[in-house]
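Subject: A structure for you to look at

Hi there,

Here is the structure I promised to pass on, with some notes on what turned up in it. Have a look, and then read on below.

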Amino acid sequence: MIETLTLPSHVSPALVRDIDISNLEGGEPDAVAAWGKVQQESPDIFYAPAYGGYWVATRKALFDIALSDPVVFSSRCGPNIPPLPPEVPPFGPLMSDPPEHRFFRMPLNVALSPPRVRDLAVRAREVVIERLDSFYEKGECEFMHDMAMHVPVAIVMQIFDLPFSDRTRLIPLVDIITHSEDLAKRAEAIEGVMIYADEWVTRREQQPGNDAISALIANRIDDRPATHQEVVATLTVLLLGGLDSVSHTMGVIMRFLAENPGHQRQLAENPDLIPEALDELLRRHAISMTVRQLTQDYELGGVQMKAGDRILLPLPVTSLDDRVWDNPLEVDFARRPKDIMNFGKGIHKCVGLNLARAELTALLQEWFKRIPSFSIKPGDRPATTTGQILGVVHLPLSWPVR
């Protein structure tokens with residue numbers, strides 16, 4: 001296939017690699033490790049011909065440059081490969097550059113301020129306990145649907161003062177947007193989430209409250225008010241991020257623990273270790289990726305790129321870079337990793353990272369109080385997904401009931 005391609009004149013054929021990020025080889029047992037294999041077998045930057053062609057960075061030092069320079073590496077193209085359909089409007093927080101970006105970000109910083117996160121963390125712990133109480137005595141659960149989908153949904157719905165029952169409408173749409181290779185289906189699902197967001201923005205425009213949607217409506221972009229469409233697009237992004245990323249992170253971490261009884265034992269016997277151990281679990285299980293577009297010709301890592309080129313930044317490879325970490329595939333709770341990129345870097349670093357950590361901490365602490373030893377349910381197996389998010393879609397767990 002590669003031999004027959006017509007490459008841009010500035011792309012060397014030696015840098016071309018024919019990979020499919022939505023169906024990564026080896027992705028089924030461990031999608032993060034599959035990206036590690038790509039990293040080891042590829043140049044520091046290579047060119048993938050699919051979806052119109054794009055560069056892929058594989059080393060953390062290159063991410064430090066690209067994610068810290070929004071002037072050269074613009075976010076306006078959107079965070080996805082394949083790209084979002086052209087009819088999808090710009091999502092303010094994700095698809096903006098300075099100076100507009102700070103105006104979109106400001107109300108989100110307020111909505112997720114440290115005092116607010118502390119309150120939401122209490123609610124997250126309550127939901128974790130409620131869910132554990134609902135299935136603990138059964139000795140088994142399907143973790144994704146019995147736990148992982150419930151906690152972030154409850155928190156997102158509380159932030160925006162939305163009815164918890166609406167989760168059944170949103171979750172299927174989020175799965176399609178994140179994982180489907182069918183551009184038409186993705187566009188339809190995005191439209192579905194935006195229709196939902198539009199309904200609630202319209203309601204809050206008519207009846208403002210003290211919630212985050214009302215704050216977005218009252219927001220100003222420099223010297224003008226935010227438009228209705230900008231508020232809808234911003235709410236859509238926050239719904240997608242809050243419902244999908246945290247649940248999949250829960251899934252990959254719990255799958256690892258289910259398959260590694262030694263690490264389970266460390267946390268069960270020393271629960272005070274959990275907050276620090278979470279850093280290492282997150283390092284090993286980075287799951288998301290983002291995209292930037294060059295605004296000018298630029299040489300990165302010795303590779304000449306042109307204005308208009310897109311570059312995929314798969315965050316999992318930053319966690320597996322053996323130039324940064326010793327034995328990167330190994331989870332070592334004594335490692336104490338710093339500068340991990342699970343939540344991005346620079347001006348687009350995830351605004352909800354402290355809330356996500358609070359949700360994950362509550363999950364592990366409450367789980368190990370009740371279930372110190374668990375495993376993959378005999379006769380069943382997990383199902384994973386690659387693509388824009390390296391997630392878990394099915395995680396059957398079982399444990400002895402005391």
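Which residues does Arg 131 touch, leaving aside those up to four places away in sequence? The answer is Asp 146, Met 147 and His 150. Arg 131 itself sits in helix α4, which covers residues 114-135. For a sense of distance, the C-alpha atoms of Arg 131 and Met 157 are 17 Å apart, with the two positions 26 residues apart along the chain. Please keep in mind throughout that this is a predicted model.

The whole chain

DSSP gives the protein chain 14 helices and 14 strands. Its radius of gyration is 21 Å, close to the 21 Å that the globule rule gives for 402 residues, so the chain is as compact as a globular protein of that length. Along the principal axes, the C-alpha atoms fill a box of roughly 65 × 55 × 35 Å. Of the 402 residues, 56% are buried. If you take the contacts between residues at least 6 apart in sequence, 71% of them join residues at least 24 apart.

On the outside, the accessible surface comes to about 17100 Å², and carbon and sulfur atoms account for 52% of that. The chain carries 40 positive and 54 negative charges, and the mean positions of these two sets are 4 Å apart.

The mixed sheet

Five strands make an open sheet with mixed pairing, in the order β1-β2-β10-β7-β3. At its edges are β1 and β3, each of which pairs on one side only.

Starting at the β1 edge, this strand (residues 45-48) and β2 (residues 54-57) are antiparallel and share 4 bridges. Within that pairing, Phe 46 has Val 56 of β2 as its bridge partner. The two strands form a hairpin with 5 residues between them, where Tyr 51 takes a positive phi near 55°.

Are the faces of β1 covered or open? Both are covered: Ile 45 and Tyr 47 are buried on one side, and Phe 46 and Ala 48 are buried on the other. That arrangement fits the usual rule: in a regular strand the side chains alternate between the two faces of the sheet.

Moving one strand further in, β2 pairs with β10 (residues 310-314) in the parallel sense, over 2 bridges. Here Trp 55 stands opposite Ile 311 of β10.

The antiparallel sheet

There is also an open sheet of 3 strands, ordered β4-β14-β11, in which the pairing is antiparallel. The edges are β4 (140-142) and β11 (375-376); each has a single partner strand, so one side of each is left without a neighbour in the sheet. The link between β11 and β14 (residues 396-398) consists of 2 bridges, and Ser 375 has Ser 398 of β14 as its bridge partner.

Around helix α3

Helix α3 is a good place to look at packing. Its buried residues are His 101, Phe 103, Phe 104, Arg 105, Pro 107, Leu 108 and Ala 111. Together they pack against α4, α9, β5 and α10 (228-259).

Asn 219 belongs to this part of the picture too. It lies in the loop between α9 (212-218) and β5 (220-221), and with a relative accessibility of 12% Asn 219 counts as buried, the cut-off being under 20%. Beyond residues up to four places away in sequence, Asn 219 touches Phe 103, Phe 104 and Pro 107, as well as Pro 225 and Ala 226.

Just before α3, a cis peptide bond joins Pro 98 and Pro 99, with omega at about 5°. Pro 99 is in the loop between β3 (73-74) and α3 (100-111).

Two more backbone details

Where else does phi turn positive in a residue other than glycine? One case is Asp 161, with phi near 55°, in the loop between α6 (150-159) and α7 (167-179). Another is Arg 336, whose phi is about 55°. Arg 336 lies in the loop between α13 (316-319) and α14 (353-370), and its relative accessible area of 37% makes it partly exposed.

Happy browsing, and do write back with any thoughts.

Best wishes

Technical notes
Residues are numbered from 1 along each chain as its sequence is written. This is a predicted model: local features need pLDDT of at least 70, side-chain atom pairs count only at pLDDT 80 or more; totals for chains, interfaces and linings use all residues. Side-chain values use heavy atoms; hydrogens and water are left out. Two strands pair if DSSP finds at least two bridges between them. The radius of gyration is taken over C-alpha atoms; the globule rule is 2.2 Å times the number of residues to the power 0.38. Buried means under 20% relative accessible area, exposed over 50%, partly exposed in between (1.4 Å probe, protein chains only). Contact means heavy atoms within 4.5 Å. Accessible areas come from the Shrake-Rupley method with a 1.4 Å probe; for residues, only the protein chains shown count as cover. Lys and Arg count as positive and Asp and Glu as negative; His and the chain ends are not counted. The place of a charge is taken as NZ of Lys, CZ of Arg, CG of Asp or CD of Glu.
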